[in-house]
Amino acid sequence: MSEERKLTPAQEAEETQEESPKLSDSDAMKVDMYFWLQALVMALVGLILIFTFIGRIIGVDGESMMPTLHNKDMLLLQSIGYTPGQGDVVVLSKNTFHDGAPIVKRIIAVGGQTVDIDYGSNTVYVDGAALDEPYILEPMRELPPEYATHVEVPEGSVFVMGDNRNNSTDGRAPSIGVVDERCILGRALFVLLPFQDAGAVESVSQTRE
């Protein structure tokens, strides 16, 4: 009568490993690649869902928002659940300007507010209060009379300007004027590229003390 051979846990593990077929180097590489591809696909699906239901990525075209944003910057926008606010940097589209191509501007005033622009003192007033605008590139040059200096913003609309006031076609121009909120594609949240400029795009909305 044969005795049953007793194995220690270590010996059992060793025998199990010996019984299991060992993967060749090429097969092991294929397994690794499979898991890496699986992780990559999951990440891409996550990004697609984010950009579909929350926001989108769009590039800056031109220098009208310098020094806040630069030409070719890539922005992440918040599109869903966004309510326009004074001071926000937004991307909008208006058919009367560049055939509806997206443009980036800053909201100076929202519906129900009044804007007055005084080129002599380089000051923008909203509802009679002077805005503190540390973001503008340089003092404003006066524009021809057809460009607005007094604007009463209707409800459901916004008035926008570029931070680079002397190189910006914005709400002052007849081709843009006040912008319906439905023309806003989203609020700029982050600069994604170039990497050295990556970071949050801050809203600035305050009056002078």
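This report describes a four-stranded sheet, the nonpolar cores and a nonpolar surface patch of the structure above.

The model is predicted, so local features need pLDDT of at least 70 and side-chain atom pairs count only at pLDDT 80 or more, while totals for chains, interfaces and linings use all residues. Residues are numbered from 1 along each chain as its sequence is written, and side-chain values use heavy atoms, with hydrogens and water left out.

An open sheet of four strands (E runs of at least two residues in DSSP) has the order β7-β6-β5-β8 with antiparallel pairing, where two strands pair if DSSP finds at least two bridges between them. Strands β7 and β8 stand at the edges, each with a single partner strand, so one side of each is left without a neighbour in the sheet. Strands β5 and β6 pair in the antiparallel sense over four bridges, and D118 stands opposite T123 in β6.

| Strand | Residues |
|---|---|
| β5 | 114-118 |
| β6 | 123-126 |
| β7 | 129-130 |
| β8 | 150-152 |

The largest nonpolar core (buried Ala, Val, Leu, Ile, Met, Phe, Trp, Tyr and Cys residues joined through side-chain atoms within 4.5 Å, buried being under 20% relative accessible area with a 1.4 Å probe and protein chains only) has 16 residues, and I108, V115, I117, V124, F159 and M161 have the most contacts inside it. Strands β4 (103-110), β5, β6 and β9 (157-161) each supply at least two residues of this core. Apart from it lies another core of twelve residues, among them I58, V91, V104 and A188.

On strand β11, L192 is partly exposed, with a relative accessible area of 31%.

Definitions and conventions: Buried means under 20% relative accessible area, exposed over 50%, partly exposed in between (1.4 Å probe, protein chains only).
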